[in-house]
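The report below sets out how one protein chain is organised, as far as its coordinates allow. It begins with a term on which the later reasoning rests, and then moves from single residues to the core and the pocket.

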Amino acid sequence: MIVGITMMLRLGIAASFDPVALDKACADMVIKAPILETGNRLSDAPHHEHLEGCDKFHLMHPDTNWQAGLEHAEKIGLGTQEYELITV
């Protein structure tokens, strides 16, 4: 069993028939969420804020362009990055 340090609150469950829109919506929720003060890599960083609205994926992996996968998936017709978030 792998146990990690929580970096943000649970954001809920997301579902869509469009896998690209689903990935984009989930990434946007993570980016908008504040981090938790749990001694994790983001909360211990010198740029320490709550990081709401900051690209946490880029902060954790600055050499990776995570958006490239979404852009390519959209380009080859797997779906679209446009979505409507409906909270239930």
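A residue is called buried here when its relative accessible area is under 20%, exposed when that value is over 50%, and partly exposed in between. The coordinates come from a predicted model, and every value that follows is computed from it.

**Confidence and overall make-up**

The mean pLDDT of the protein is 83, with 77% of its residues reaching 70 or more. Among the helices, confidence is lowest in helix H2, residues 56-60, where the mean is 81, whereas H3 has the highest, at 96. As a general caution, where pLDDT is low, the predicted coordinates should not be read in detail. The protein has three helices and zero strands, and its pattern along the sequence is α-α-α. Of its 88 residues, 25% count as buried. When contacts between residues at least 6 apart in sequence are considered, 49% of them join residues at least 24 apart.

**Four residues and their surroundings**

The table brings together the location and accessibility of four residues that are discussed below.

| Residue | Location | Relative accessible area |
|---|---|---|
| Val20 | helix H1 | 3%, buried |
| Gln81 | segment after H3 | 19%, buried |
| Leu78 | segment after H3 | 52%, exposed |
| Glu52 | loop between H1 and H2 | 53%, exposed |

Gln81 has a relative accessible area of 19%, and because the cut-off for a buried residue is under 20%, Gln81 counts as buried. Apart from neighbours within four places in sequence, the contacts of Gln81 are with Val20, Lys24, Leu70, Glu71 and Glu74.

Val20, in helix H1, is buried with a relative accessible area of 3%. Once residues up to four places away in sequence are set aside, Val20 touches Leu70, Ala73, Glu74, Leu78, Gly79, Thr80 and Gln81. One of these partners, Gly79, is 59 residues from Val20 in sequence, yet their C-alpha atoms are 5.1 Å apart in space.

Leu78, which lies in the segment after H3, counts as exposed because its relative accessibility of 52% is over the 50% cut-off. Beyond its neighbours within four places in sequence, Leu78 is in contact with Asp18, Pro19, Val20 and Ala73. For the pair Leu78 and Pro19, 59 residues apart along the chain, the C-alpha separation is 7.3 Å.

Glu52 belongs to the loop between H1 and H2 and is exposed, at a relative accessible area of 53%. Leaving out residues up to four places away in sequence, Glu52 touches Ile31, Lys32, Ala33 and Pro34. Glu52 and Ala33 are 19 residues apart in sequence, with 5.3 Å between their C-alpha atoms.

**The nonpolar core**

In soluble globular proteins, nonpolar side chains tend to be buried together. Which residues make up the largest nonpolar core of this model? The core has six residues in all, namely Val20, Ala27, Ile31, Trp66, Leu70 and Ala73. Helix H1 (19-32) and helix H3 (67-75) each supply at least two of its residues, and the largest share, three residues, comes from H1. Trp66, a member of this core, touches Ala27, Ile31, Asp55, Phe57 and His58 when residues up to four places away in sequence are not counted.

**The largest pocket**

The largest pocket holds about 330 Å³ of space. It is lined by 16 residues, of which Ala14, Ala15, Glu84, Leu85 and Ile86 are the closest to its centre. By residue class, the lining divides into 12 nonpolar, three polar and one charged.

Key:
Residues numbered from 1 in each chain as written. Predicted model: local features only at pLDDT ≥ 70, side-chain atom pairs only at ≥ 80, totals over all residues. Heavy atoms only, no water. 1 Å grid on protein atoms, 1.4 Å probe; cavity = no way out; pocket = protein on both sides within 12 Å on 5 of 7 lines; lining within 4 Å. Points joined across faces, edges and corners; volume = space filled by probe spheres on them. Nonpolar A, V, L, I, M, F, W, Y, C, P; charged D, E, K, R; others polar. Core = buried A, V, L, I, M, F, W, Y, C linked by side-chain atoms within 4.5 Å. Buried < 20%, exposed > 50% of the residue type's maximum accessible area, 1.4 Å probe, protein only. Helix = DSSP H or I, 4+ residues; strand = E, 2+ residues; numbered from the N terminus. Contact = heavy atoms within 4.5 Å. pLDDT = per-residue confidence, 0-100.
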